Amino acid sequence: MMAFAVVLGASLAISLVLAPVASANFLVPKSGGSPNANQISSLYKIILYMAAVVFVIVEGALVYSVYKYRAKKVKHAAQIHGNTPLEVGWTVAAALILVAITVVTFIKLPSIINPPDSSANSSFLSASLNEPSPPNGKKLTVCVTGRQFIWMYSYGATCNKHRFDAKLPYSYQQMVVPEHTTVVLVIQSIDVIHSWWVPSLGGKVDAVPGYTTYTWFKALHTGLFHGQCAQLCGRQHAFMTAQVKVVPPAQYRTWLKQQGDAINSANDQVGKLRQQLTNEGQL
Ligand SMILES: [Cu+2]
C-alpha cells in the first residue's frame, strides 16, 4: 500500500508541475480572444482533467501491481480467472465517463457554433439570411479568400456576392476588425484547400474551392492575433500566415475609409496609365 501511495503522490506531483505549462497554452488550446475560443478551451480542459484522473488511477494501479506482484523465486504465480464485479465495475464506469463527456459536449456546442450578439457600442452592422447570424441578426461580414499563399479579406455585407468588386475595401494577410463586434467570416478558396485558423479567436475552418464555409468570432479586447493556414496547401504553405488586428470601433471606421480611398486612388492611377498606353498605341 505504501508503494501505491508513493506512485499516486508522484503522479499528482507531475500533474501539478504540468499545470502551469497547461495554462500557458502548451497543453490546452489558445483562448482569450473570443467567446468561442474560450468555450473550446474550457471543453478541452474538462476532458483533459477527466483523462488525467483516469491516467493517474490506471497507471498508479499498474505500477503498484508490477511492484507488489513482481516475480519471486519460490512462489508460483497465482492463477486468476477474472473478477466479475471488478470487470462489470470498470466497464460501467468507462461508459458513464463517456456519457458525461457527451452531455458536457452537447451543452457546450451551441456556444461554440452560434455567434452571440455584438455589444451595444457596435455600429456598421448588417443582416443576411444565409450566413450564421447572432440572435439579433446584426453582424459585421468579412469575406476570407484563400489562395496560394496568402489570405485576402473583403469587408462588407455584399462581399459574399462580389468579393472582388473593386469598390469594396479589401486587405491581404492582416484583417482589421472592431472589438466587441460579432464578425462573421465567409470563407472561400480560389485554388486548393486551405484552412483558416487563428487559435485565440476560435476553431479551424477549411476553405474549399467551390464551397463556402463560415465561422465567427467576437473579439473581447483589442490586440494582434496570429494564425497560420492549417492545411498543407503547397510549397509556400508555411508562409501563409494570418493576422487579425482588433482595434476600437472608431479606429476601424477610419482605417476602412483610408483603405477604401487608397484602393480607389491606386485604381484611378492604373486606369489613367492604361488610358495613356492605349492612346500611345502600346496596349
Ligand atoms: Cu494555405
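**Loop between β4 and β5**

I started at H180, which sits in the loop between β4 and β5. This is a predicted model, and I read it as such throughout. H180 is not a glycine, yet its phi is positive, about 55 degrees. I then looked up its accessibility. H180 has 26% relative accessibility, so I logged it as partly exposed, the class between 20% and 50%.

**Other backbone entries**

I noted Q173 next. Its phi is near 65 degrees, again a positive value in a residue other than glycine. Q173 belongs to the loop between β3 (170-172) and β4. Its relative accessibility is 25%, so Q173 also goes down as partly exposed.

Which peptide bond did I mark as cis? The one from Q148 to F149, with omega near 5 degrees. F149 is in the loop between β1 and β2.

**Chain layout**

I counted elements: four helices and ten strands. I wrote the order from the N terminus as α-α-α-β-β-β-β-β-β-β-β-β-β-α. The ten strands thus stand in one run, with three helices before them and one after. The chain has 283 residues, and 30% of them are buried. I also checked how far contacts reach along the sequence. Of those with a separation of 6 or more, 63% are between residues 24 or more positions apart.

**Copper site**

I moved to the copper ion. Which protein atoms are its donors? I listed ND1 of H194, SG of C229, SG of C233 and SD of M240. They lie 2.1 to 2.6 Å from the ion. The sequence spacing of the donor residues reads H-x34-C-x3-C-x6-M. H194 and M240 join distant parts of the chain, being 46 residues apart. H194 is in strand β6 (residues 194-196). M240 is in the loop between β9 (223-228) and β10 (241-247).

I checked the geometry. The angles among the four donor atoms run from 88 to 124 degrees. Four donors count as tetrahedral if all angles lie between 85 and 135 degrees, so I entered the site as tetrahedral. For reference, the ideal angle for four tetrahedral donors is 109.5 degrees.

Are H194 and M240 buried or exposed? H194 has 0% relative accessibility, so it is buried. M240 is at 0% as well, so it is buried too.

**Nonpolar core**

I looked up the largest nonpolar core and found 29 residues in it. The residues with the most contacts inside this core are W151, Y153, M175, L185, W196, F217 and V244. Several elements give it two or more residues: β1 (140-147), β2, β4 (174-178), β5 (182-189), β7 (205-207), β10 and α4. Which element gives the largest share? That is β10, with four residues.

I took F217 as a probe of its surroundings. Leaving out neighbours within four places in sequence, F217 contacts S34, N36, M175, V177, T181, T182, V183, L185, L201 and V244. Among these partners, M175, L185 and V244 are also on the list of residues with the most core contacts.

**Aromatic rings**

I found five aromatic pairs in the structure. I examined Y155 and W255. Their ring centres are 5.1 Å apart and the planes meet at 65 degrees; over 60 degrees counts as edge-to-face, so that is how I classed the pair. Y155 is in strand β2 (residues 150-155), and W255 is in helix α4 (residues 249-279). The two are 100 residues apart in sequence, so this pair links distant parts of the chain. Both residues are buried.

W151, Y153 and W196 form one aromatic cluster. I had already met these three among the core residues with the most contacts.

I also looked for charges over rings. The charged end of R70 sits over the ring of Y67, 4.6 Å from the ring centre. The charged end of K204 does likewise over W197, at 4.5 Å from the ring centre.

**Y44 in helix α2**

I closed with Y44, a residue of helix α2 (residues 35-68). Its relative accessible area is 40%, so Y44 is partly exposed. Which residues does Y44 touch? Not counting those up to four places away in sequence, Y44 touches L27, V28 and P29. I took the spacing of one such pair: Y44 and L27 are 17 residues apart in sequence and 9.7 Å apart from C-alpha to C-alpha.

Note on methods: Residues are numbered from 1 along each chain as its sequence is written. This is a predicted model: local features need pLDDT of at least 70, side-chain atom pairs count only at pLDDT 80 or more; totals for chains, interfaces and linings use all residues. Side-chain values use heavy atoms; hydrogens and water are left out. Donors are N, O and S atoms within 2.8 Å of the metal (3.2 Å for Na, K and Ca); water is not among the atoms, so sites may look incomplete. Four donors count as tetrahedral if all angles lie between 85 and 135 degrees; four count as square planar and six as octahedral if opposite donors are over 155 degrees apart and all others between 65 and 115; anything else is irregular. Buried means under 20% relative accessible area, exposed over 50%, partly exposed in between (1.4 Å probe, protein chains only). Rings of Phe, Tyr and Trp (its six-membered ring) pair if their centres lie within 6.5 Å; planes under 30 degrees apart count as stacked, over 60 as edge-to-face and the rest as tilted. A charge sits over a ring if NZ of Lys or CZ of Arg is within 6 Å of the ring centre and within 35 degrees of the ring normal. A nonpolar core is a set of buried Ala, Val, Leu, Ile, Met, Phe, Trp, Tyr and Cys residues joined through side-chain atoms within 4.5 Å. Contact means heavy atoms within 4.5 Å.
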